[in-house]
Amino acid sequence: MRYNRLKRGCGDICKFQSGGTPSKGNHLYFGGDIPWITTVALNGNIIDENDAVNWITEKAIAESGAKIVPANSIMLGTRVGVGKVAINSIPMSTNQDIISLLGIDEAKWNKSFICKWLTSRSNFLQSQARGATIKGITIETVSNLELPDISIEEQHSISLCLEHVSQLISFHEQSLEKLDALKKSLMQEYFH
């Protein structure tokens, strides 16, 4: 089913916030209680403190480019890991390879739907990456993406359908792994 309906620019539904990396040479910036993540944590689902690659201090927030990302924001990889997404369940901070989509009206937009839509655009986003040493995309590129302007009910339905398909894929992958292990065990038993 294709949606040839009205489209809305991503920049029309949210504000963007870039992340930052505190100076690793300043020991007063690390060892705090604020989870800090990189694109490694962006898994397409919900992330929390268990996904932190480091912990930073309030001093790091006050004196560096690092910022607090409010809970339930959409995070998008824009440099290393272009197109990877996640939603943070708790306030945290990100490095400069991630932008966060803030201020989304949840009465009109389903964040899980937006994450899945962004994931569907990851090949396009990767094709837009520019740079000499580290390639990345700009906030303008993300802002200009056009997402289908469909009802919140349709967004929810699409998101649930895609989650169900993902669960089926995961189930079948696990089944295949078990069958492969059984095959190896039988071969070991029969041929050794």
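Helices here are DSSP runs of H or I with at least four residues, and strands are E runs of at least two, both numbered from the N terminus. On that footing, helix α3 supplies four residues to the lining of the largest pocket, the largest share. The model is predicted. The briefing covers the pocket, the salt bridges, a three-stranded sheet and a nonpolar surface patch.

**Largest pocket**

- The largest pocket holds about 320 Å³ of space.
- Three elements each give two or more residues to its lining: α3 (111-120), β10 (146-148) and α6.
- The lining counts 14 residues. Nearest the pocket centre lie Phe 113, Lys 116, Trp 117, Ser 120 and Pro 148.
- Lys 116 also takes part in a salt bridge, with Glu 163 as its partner.

**Salt bridges**

The model has six salt bridges. Three are described here, pair by pair.

*Glu 163 and Lys 116*

- The closest N and O atoms of Glu 163 and Lys 116 are 3.2 Å apart.
- This pair links distant parts of the chain. Glu 163 sits in helix α6 and Lys 116 in helix α3, 47 residues apart.
- Glu 163 has a relative accessibility of 31%, so it counts as partly exposed.
- Lys 116 is also partly exposed, because its relative accessibility is 22% and the partly exposed class runs between 20% and 50%.

*Arg 8 and Asp 149*

- The side chains of Arg 8 and Asp 149 form a salt bridge with an N to O distance of 3.0 Å.
- Arg 8 belongs to strand β1 (residues 7-9), while Asp 149 lies in the loop between β10 and α6. The pair therefore ties together parts that are 141 residues apart in sequence.
- Arg 8 is partly exposed, at 30% relative accessibility.
- Asp 149 is partly exposed as well, with a relative accessible area of 26%.

*Glu 106 and Lys 111*

- Glu 106 and Lys 111 meet through their side chains at 3.3 Å, N to O.
- The two ends of this bridge fall into separate exposure classes. Glu 106 is exposed, because its relative accessible area of 53% is over the 50% cut-off.
- Lys 111 is buried, because its 13% relative accessibility is under the 20% cut-off.

**Three-stranded sheet**

- The sheet is open, and its strands run in the order β5-β3-β8. The pairing is mixed.
- β5 (54-56) and β8 (93-94) are the edge strands. Each has a single partner strand, so one side of each lacks a neighbour in the sheet.
- Strand β3 (residues 30-37) pairs with β8 in the parallel sense, over two bridges. Within this pairing, Trp 36 has Ser 93 in β8 as its bridge partner.
- β3 and β5 pair in the antiparallel sense, over four bridges. Here Ile 34 is matched with Ile 56 in β5.

**Nonpolar surface patch**

- A nonpolar patch on the surface is formed by Leu 176, Leu 179, Leu 182, Leu 186, Met 187, Tyr 190 and Phe 191.
- Together these residues have about 760 Å² of accessible area.
- Tyr 190, one of the patch residues, is found in helix α6 (residues 152-191).
- Tyr 190 is exposed, because its relative accessible area of 56% is over the 50% cut-off.
- Helix α6 thus recurs in this briefing: it holds Tyr 190, it carries Glu 163, and it gives residues to the lining of the largest pocket.

Definitions and conventions:
Residues are numbered from 1 along each chain as its sequence is written. This is a predicted model: local features need pLDDT of at least 70, side-chain atom pairs count only at pLDDT 80 or more; totals for chains, interfaces and linings use all residues. Side-chain values use heavy atoms; hydrogens and water are left out. Patches are made of residues with over 30% relative accessible area and no salt bridge: like charges are joined within 9 Å, nonpolar side chains (Val, Leu, Ile, Met, Phe, Trp, Tyr) within 5 Å. Accessible areas come from the Shrake-Rupley method with a 1.4 Å probe; for residues, only the protein chains shown count as cover. A salt bridge is a side-chain nitrogen of Lys or Arg within 4 Å of a carboxyl oxygen of Asp or Glu. Buried means under 20% relative accessible area, exposed over 50%, partly exposed in between (1.4 Å probe, protein chains only). Two strands pair if DSSP finds at least two bridges between them. On a 1 Å grid over the protein atoms alone, a cavity is a set of points where a 1.4 Å probe fits but cannot get out, and a pocket is an open set with protein on both sides within 12 Å along at least five of seven lines; lining residues have an atom within 4 Å of a point. Grid points are joined across faces, edges and corners, and a volume is the space filled by probe spheres set on the points.
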